[in-house]
Every structure is written in C-alpha cells, then in structure tokens.
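Please open the structure in your viewer and keep the sequence panel beside it, so that each stop can be selected by residue number. The tour moves from one selection to the next and says what is there.

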Amino acid sequence: MNSKKINVNAKKTDTFLKRYFNKQKRTELIRPMKYGTLAGGKKIRSSMIIGTGKLFNLKLAKLLNVCAAVECIHSYSLIHDDLPCMDNDKFRRGKLSTHVKFGESTAILAGNSLLTLAFEIISDKNYKISNDSKVELIEGLAACSGHTGIAGGQYLDLKFEKKKRKLNQITDMQRKKTGKLFNFCCFAAGVIARKNDKEKKFLSKLGEDIGLLFQLADDFIDIDGTQKLTGKPIKKDKKKGKSTLISLIGYKKAYNYANSLRNNILRKLLIYGKKANDLKNTVDFILNRKF
Ligand code: GRG
C-alpha cells in the first residue's frame, strides 16, 4: 500500500470519528479529544484493519467502528506518552502536544475519555455485528491496551531507561508497547469474519509481528529521520538511554533483524494470495517509511 492509499483509509476513519464526536454531548473535553485524534496522524492501524478485512472480503461498514476505536486508543496513548511524567514531548504530528496546548490535567482526562470512548464505539447499537462478536472485540481490545499490552509495555519502556537489557526483553517490551494494538487490528478482522480460534491466533501473531516491525522502524527513524517529516522530536532515544535493538546490537544488525522479520511476515501472508496485496504493501510501507 502506498502512502496515498493509507491516506484514503485515514480519511474514512476521520470522517467516521468526526460524525461520532458530533453526536456526543458537547462537553469541554471534546475539543482536546478531537485535537488528539483528528488533526494529523497516519492512521496506519486503520489500514491494517481494512487490509486484513480484505483477506476475508469484509465490507468497510463492518470495520470502521473498530478502526475508530483503535485510533482512539492509539491517540490516548500518544497524549499520555507526551506528558512530562512520561516522555515529556512538546510536539506531536507537527503541532503542540495536547498537554502543552490544553494543560496537563485536561490532556490526562481527554486521554482517559478517548480510552473509554473506544469501548463505547464498539458496543454501539448502530454497529451491526453480533453481540458475541462485540464482546470478543471488547475483551481483545482491553487485553491489548492495559497492563498486558500498551500500558504494560510503556511501563517497561520507562523502567528499561539507562539499563542494559537482553534482546528478548527489548522485543517483549516493544511487542507490548506497540505490537499488541497491531495484534488486535488483525485479530479483530478475524473475529468479524467469524474465523476459528486457530486462524484468529495466527492473525494475532501476524499483527503483533507487524507491530514489532513498526516499532523497529520507529527506532530507525529516531536516528536517521527529520523532525520536519515526523512532526515530532527525533534523536531522543540515545539521550534518554532508551533500550532499543539499535542500542544493543547496532543499526546494521538491527536493520537485518527487521528485514528478516519482514520476510517472515510476507511468507506467512502467501496463503491468502492476491487478497493480501494491500496488507503486504502496508508491511513494506511500515519498514520503509520516513514518518
Ligand atoms: C496509562 C498513564 C498511562 C499512559 C500510557 C500507553 C502509553 C502511555 C504509551 C503508549 C506507548 C507508545 C506511545 C508507543 C509508541 C508507539 C508508536 C511508535 C507510536 C507512533 O505511532 P504512529 O507513527 O503515530 O502511528 P501517528 O502520529 O501517525 O498516529
């Protein structure tokens, strides 16, 4: 998938989210919530969901609630990640971080509200999938977001600062921090397509591998990217003493590791034939991206 197609998918999720926000009660938190989700961002996780949906000929209408819910969770995690008590970043997506623009307490509450909105969007009465599937999606998304997923991975990321960690400790932390939400993206399409447990497990692992690849690419961008393209500060990992594969084995070996992970992912997708073309292109976009 080229960046044009990713943009098209991003617009579809943005349009859904805008309508969803407009239907909400107009509290004062809506503005920072919109700021944190709608203005910018690649919405690559939406492309993962739509691309996996293509494997099973799923209609977009069955996927958009999941895309919007995942982007709410992702945006909440970025809002909280930028806070002074976390990574303390003043810029995100080429503009001021949510806490710089609206204040710390507002940013925390807007993040919390996006986290809960995600579950509201999946359980919505107007979302026409079975209640069983909704429960399975809610269960999966909760597990990928909390202490066994994003929040747990973030905890390890902060705890590992300025410490030497083994390769599998680093990849375990990155699988949680970033991989689990990608895991959910592929798993969710399997749930909606009513696939069996074995295939859903296969999809979860596939998604998590793609998420790890995404995080590895993020670590390369921190070294050779530009703030202009990424919209966020770069060259921070070394300054903060972050545990990454690059800090452990060097850039070249880390790149080879990422490349062999990419090849493994593409090999796994072969069983889906041409239906996997969009997902395959997303994987290559993820590794070669500059933003
Ligand atoms: C629970 C208080 C509390 C905080 C949690 C969950 C969390 C803090 C932080 C999440 C960890 C995190 C930010 C992981 C990094 C993932 C990553 C590479 C983000 C960048 O994603 P992109 O490039 O961003 O998809 P855009 O801007 O395109 O949406």
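## Stop one: a helix and a distant partner

Begin by selecting Ile 108, which is found in helix H6, the helix made of residues 104–123. Bear in mind from the start that this is a predicted model. Colour Ile 108 by accessibility and you should find it partly exposed, with a relative accessible area of 33%. Now add Tyr 76 to the selection: although Ile 108 and Tyr 76 are 32 residues apart in sequence, they are 8.5 Å apart in space, C-alpha to C-alpha.

## Stop two: another pair

Move next to Lys 18, which lies in helix H1, residues 3–23. At 44% relative accessibility, Lys 18 counts as partly exposed. Select Lys 34 as well, and draw a distance between the two C-alpha atoms, which are 8.0 Å apart in space while the residues are 16 apart in sequence.

## Stop three: two positive phi angles

Most residues other than glycine have a negative phi. With that in mind, select Lys 43, which is not a glycine and yet has a positive phi of about 55°. Lys 43 has its place in the loop between helix H2 (30–37) and H3, and at 4% relative accessibility it counts as buried.

Then select Asn 88, another residue other than glycine with a positive phi, in this case near 50°. Its place is in the loop between H4 and strand E1 (91–92). Is Asn 88 buried or partly exposed? At 38% relative accessibility, Asn 88 counts as partly exposed.

## Stop four: the ligand

Select the ligand now, and display the residues around it, of which there are 19, with Lys 42, Arg 45, His 74, Arg 93 and Ile 150 coming nearest. Which side chains should you look at for N or O atoms beside an oxygen atom of the ligand? Start with Lys 42, where an N or O atom of the side chain is 2.5 Å from a ligand oxygen. Continue with Arg 45, whose side chain has an N or O atom 2.8 Å from an oxygen atom of the ligand, and then with His 74, where the corresponding distance is 2.8 Å. If you show the surface of the ligand, note that taken alone it exposes 750 Å², and that the protein buries 87% of that.

The space that the ligand takes is the largest pocket. To see what surrounds the ligand, colour helix H3 (44–55), helix H4 (64–81), helix H8 (150–159), helix H9 (167–192) and helix H10 (197–224), each of which supplies at least two residues of the shell. Which of these helices gives the largest share of the shell? That share, six residues, comes from H4.

## Stop five: the cysteines

For the last stop, select the cysteines and look for bonds between their sulfur atoms; a search of the whole structure finds zero disulfides. Cys 72 is in no disulfide, and the nearest cysteine sulfur, which belongs to Cys 67, is 11 Å away. Cys 72 is buried, with a relative accessible area of 0%. Turn finally to Cys 186, which is likewise in no disulfide, with the nearest cysteine sulfur, that of Cys 185, 6.5 Å away. These separations do not make a disulfide, because the two sulfur atoms of a pair would have to lie within 2.5 Å. Cys 186 is also buried, with a relative accessible area of 0%.

Notes: Residues are numbered from 1 along each chain as its sequence is written. This is a predicted model: local features need pLDDT of at least 70, side-chain atom pairs count only at pLDDT 80 or more; totals for chains, interfaces and linings use all residues. Side-chain values use heavy atoms; hydrogens and water are left out. Buried means under 20% relative accessible area, exposed over 50%, partly exposed in between (1.4 Å probe, protein chains only). A residue is near a molecule or strand if one of its heavy atoms lies within 4 Å of it. A polar contact is a pair of N or O atoms within 3.5 Å; within protein, one must be able to donate a hydrogen and the other to accept it, and residues adjacent in sequence count only if both atoms are side-chain atoms. Accessible areas come from the Shrake-Rupley method with a 1.4 Å probe; for residues, only the protein chains shown count as cover. On a 1 Å grid over the protein atoms alone, a cavity is a set of points where a 1.4 Å probe fits but cannot get out, and a pocket is an open set with protein on both sides within 12 Å along at least five of seven lines; lining residues have an atom within 4 Å of a point. A molecule sits in a cavity or pocket if more than half of its atoms lie within 2 Å of its grid points. Helices (H or I, at least four residues) and strands (E, at least two) are DSSP runs, numbered from the N terminus.
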